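User: Could you take a close look at one part of this model for me, the main nonpolar core and what packs around it? I'd like one connected walk-through.

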Amino acid sequence: MDPMTPRQTEILALARASGRVLVDDLAQHFAVTPQTIRKDLNGLCERRLLQRVHGGAIAGSGVENLGYEARRQIAHDEKRRIGERAASLIADGSSLFINIGTTTEEVARALQGRSDLVVITNNINVANRLRPEPHIEVIVAGGVVRRSDGGIVGEATTDFFNQFKVDFAIVGASAIDEDGDLLDYDYREVRVSQAIIANARHVILVADRSKLERTAPVRIGHISQVHTFVTDSLASDRLAQVCREAGVRVEEVMPGETDAPEA
């Protein structure tokens, strides 16, 4: 295999820094044609350094998640709107789980100012955001804290969640297959997510459409275990059918807003 060009090296650095790169932005940045950039991206994807998506590419492979800051940058506006919609489904006076993820953190942000909530979480970032709220009680799970993202995982964390039965669970996933499988990277986190799903009366999945463009090796469960799926836009007809057949309510906050396929 030929060595990477200087431009490919810089593209890879940009992708790792921000999580996602776009063909048109790169073409303008390097003053080359979009076709040249697509060739560069295809070469990086062949090396399994990037994953190709409509309009560009994302960092990370199918076995390792992106860095926390990179994940925060991807689809930030979409995640914010997903968080607001999901929070609107939570009634005051409810108890809820919130698990690890940048999208679930947006739900916590949207819950600020609410009343009489009990929030049980294994996400240090969620706890820090909601801790000052006078009318929200925050309960933090015990376990091992991941330095990378503030997530708390492990057997003790799983046992902790099994003590509760709550009204709602706000869960995320690193990837979603079109057949409805919900996937993640860390088997310890997956065990916690499974406990969260099993001990909630109403499960709300929050995930933007980029999760359908990614893969991950560990199975959390199936979307049929979810009651409501809040996303920006559900572009997959197959997944939409799976949701309909399973009775999953789909809430789209930006319906129809998908990237156009490349020529």
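Analyst: Here is a walk through the core, then the sheet beside one of its helices, and last a helix pair.

A quick note first: this is a predicted model, so local features need pLDDT of at least 70 and side-chain atom pairs count only at pLDDT 80 or more, while totals for chains, interfaces and linings use all residues. Residues are numbered from 1 along each chain as its sequence is written, and side-chain values use heavy atoms, with hydrogens and water left out.

A nonpolar core here is a set of buried Ala, Val, Leu, Ile, Met, Phe, Trp, Tyr and Cys residues joined through side-chain atoms within 4.5 Å; buried means under 20% relative accessible area, exposed over 50%, and partly exposed in between (1.4 Å probe, protein chains only). The largest one has 31 residues, and Phe161, Leu205, Ile223 and Phe229 have the most contacts inside it. At least two residues come from each of α8 (155-161), β9 (166-171), α9 (187-198), β12 (200-206), β13 (218-222) and α10 (237-246); α9 gives the most, with five. (Helices, H or I of at least four residues, and strands, E of at least two, are DSSP runs numbered from the N terminus.)

Zoom in on Phe161: leaving aside neighbours within four places in sequence, its contacts (heavy atoms within 4.5 Å) include Phe97, Ile120, Ala141, Val192, Ala195 and Ile196. Apart from this core lies another, of 21 residues, among them Ile90, Val107, Val230 and Met254.

Back to α9, which also holds Arg191. That residue counts as exposed because its relative accessibility is 52%.

Now the sheet. Three strands make an open, antiparallel sheet in the order β10-β11-β13, where pairing takes at least two DSSP bridges between two strands. β10 (175-176) and β13 are the edges, each pairing on one side only. Four bridges tie β11 (181-184) to β13, with Asp181 partnered by His222 of β13. α9 packs on this sheet, touching β11 and β13, and its direction makes about 15° with that of β13. For such angles, axes are lines fitted to C-alpha atoms, for helices over the stretch in contact, and values run from 0 to 180 degrees between N-to-C directions.

Last, the helix pair: the axes of α1 (6-18) and α2 (23-30) come within 12 Å and cross at roughly 130°. That makes α1 oblique to α2, since under 35 degrees is roughly parallel, over 145 roughly antiparallel, 65 to 115 roughly perpendicular and the rest oblique. Arg7, Glu10, Ile11 and Leu14 of α1 meet Leu26, His29 and Phe30 of α2. Ile11 and Arg191 sit 36 Å apart, C-alpha to C-alpha, and 180 residues apart in sequence.
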